[in-house]
Amino acid sequence: MSRSGLSSLAASHSALLAALAVLSASPAAASEKLIEVQWSDPEIKNFVASSAPPRSLGPTADDQLSKLKLPVLAFEATPGVVEQTFRLGPRPATERDVVMDEENPVWYQIVENYGDVTVSVSADLRVQHEFAVDKFPIYENKTRGAAPQAGPTVSVFDDRESGGEEGYLAEYTVVKYGVPYTVTVECSEVAKAECKDTTQIAKDSELLKLIRATPPAP
């Protein structure tokens, strides 16, 4: 998959989420039971009470994120799995997209495109969806002498098996404040080795930090 192909893939994901946003505005969606956020979590309380300015993703994105009814996690630095791909050529400019529904701000997705790798963080207070694992081959890090993997369990899917574009997907979920956050790493064909590096991808989860939290008014 070319870099333009990954950009198209990220754009298609954003378009899909935008379509879901329209559906979420329906009366049926509005009546859905939502995950209850643990706003009393000490980390959230310390974040809200801190005088340090939160990480900015740009004026437009910051305005969007401030309206969300759930805490926002994002990578505080470029993930190591992405850094590894810069050996493939000049470091590309990062393209970032924030997707949410301002009419029903109970979900978000932050997509960062680094050329041969696209990384996204998403969370949804509504029903969560998962890959049909039985339809995709899953790879584990079986390198001889590899240390036991710390952090979340990472699943890697060969996207070619689904009839999609050439490439690989790595995904894991972490639960914080009662909310599941899903990280998806999409790799082009030339960067497929990075998507199989589950140890590095799991280690990168340490870079996920709280960047926005707007507790409901008492």
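Of the 218 residues of this protein, 44% count as buried, where buried means under 20% relative accessible area, exposed means over 50%, and partly exposed lies in between, for a 1.4 Å probe and protein chains only. The model is a predicted one, in which local features need pLDDT of at least 70 and side-chain atom pairs count only at pLDDT 80 or more, while totals for chains, interfaces and linings use all residues. Residues are numbered from 1 along each chain as its sequence is written, and side-chain values use heavy atoms, with hydrogens and water left out.

Colour the model by secondary structure to begin. The protein has seven helices and eight strands, taken as DSSP runs (H or I of at least four residues for helices, E of at least two for strands) and numbered from the N terminus. Among contacts (heavy atoms within 4.5 Å) between residues at least 6 apart in sequence, 66% join residues at least 24 apart.

**Stop 1: strand β3 and its partners**

Select residues 107-113, which make up β3. Seven of the seven residues of this strand are buried, and both of its faces are covered, with W107, Q109, V111 and N113 on one side and Y108, I110 and E112 on the other. Two strands are taken to pair if DSSP finds at least two bridges between them.

Add β2 (residues 95-100), which pairs with β3 in the antiparallel sense over six bridges; the two strands form a hairpin with six residues between them. For a landmark within this pairing, show R96, which stands opposite E112 in β3.

Next add β4 (117-124), which pairs with β3 in the antiparallel sense over seven bridges. Here N113 stands opposite T118 in β4, and in the hairpin of β3 and β4, which has three residues between the strands, G115 takes a positive phi near 90°.

**Stop 2: the cavity beside these strands**

Which residues line the largest cavity? Select A74, F75, I110, E112, V119 and V121, and note that β1 (72-75), β3 and β4 each supply at least two residues of the lining. The structure holds one cavity of 30 Å³ or more, and the largest cavity has a volume of about 30 Å³. A cavity here is a set of points, on a 1 Å grid over the protein atoms alone, where a 1.4 Å probe fits but cannot get out, and lining residues have an atom within 4 Å of a point; points are joined across faces, edges and corners, and the volume is the space filled by probe spheres set on them. The lining divides into five nonpolar residues, no polar ones and one charged, with Ala, Val, Leu, Ile, Met, Phe, Trp, Tyr, Cys and Pro counted as nonpolar, Asp, Glu, Lys and Arg as charged, and the others, Gly among them, as polar.

**Stop 3: the nonpolar core**

Now show Y108 and V185, which touch the most other members of the largest nonpolar core, a set of 48 residues. The largest share of this core, five residues, comes from β7. Such a core consists of buried Ala, Val, Leu, Ile, Met, Phe, Trp, Tyr and Cys residues joined through side-chain atoms within 4.5 Å. Leaving aside neighbours within four places in sequence, the residues in contact with Y108 include L68, L70, P71, V99, M100, V121 and Y181.

**Stop 4: helix α4**

Move to Q64, which has its place in helix α4 (residues 59-65). Is Q64 buried or exposed? Q64 is buried, with a relative accessible area of 16%, and, not counting residues up to four places away in sequence, Q64 touches V98, M100 and E102.

**Stop 5: strands β5, β6 and β7**

Select β5 (residues 155-158), which pairs with β6 in the antiparallel sense over four bridges. D158 lies in strand β5 and stands opposite Y168 in β6; D158 is buried, with a relative accessible area of 2%. The C-alpha atoms of D158 and C195 are separated by 9.6 Å, although these residues are 37 apart along the chain.

Finish by adding β7: β6 and β7 pair in the antiparallel sense over nine bridges, and Y172 has V183 in β7 as its bridge partner. These two strands form a hairpin with two residues between them, and Y177 lies in the loop between β6 (168-176) and β7 (179-187). Most residues other than glycine have a negative phi. Y177 has a positive phi of about 60° although it is not a glycine, and Y177 is buried, with a relative accessible area of 3%.

Conventions: 1 Å grid on protein atoms, 1.4 Å probe; cavity = no way out; pocket = protein on both sides within 12 Å on 5 of 7 lines; lining within 4 Å.
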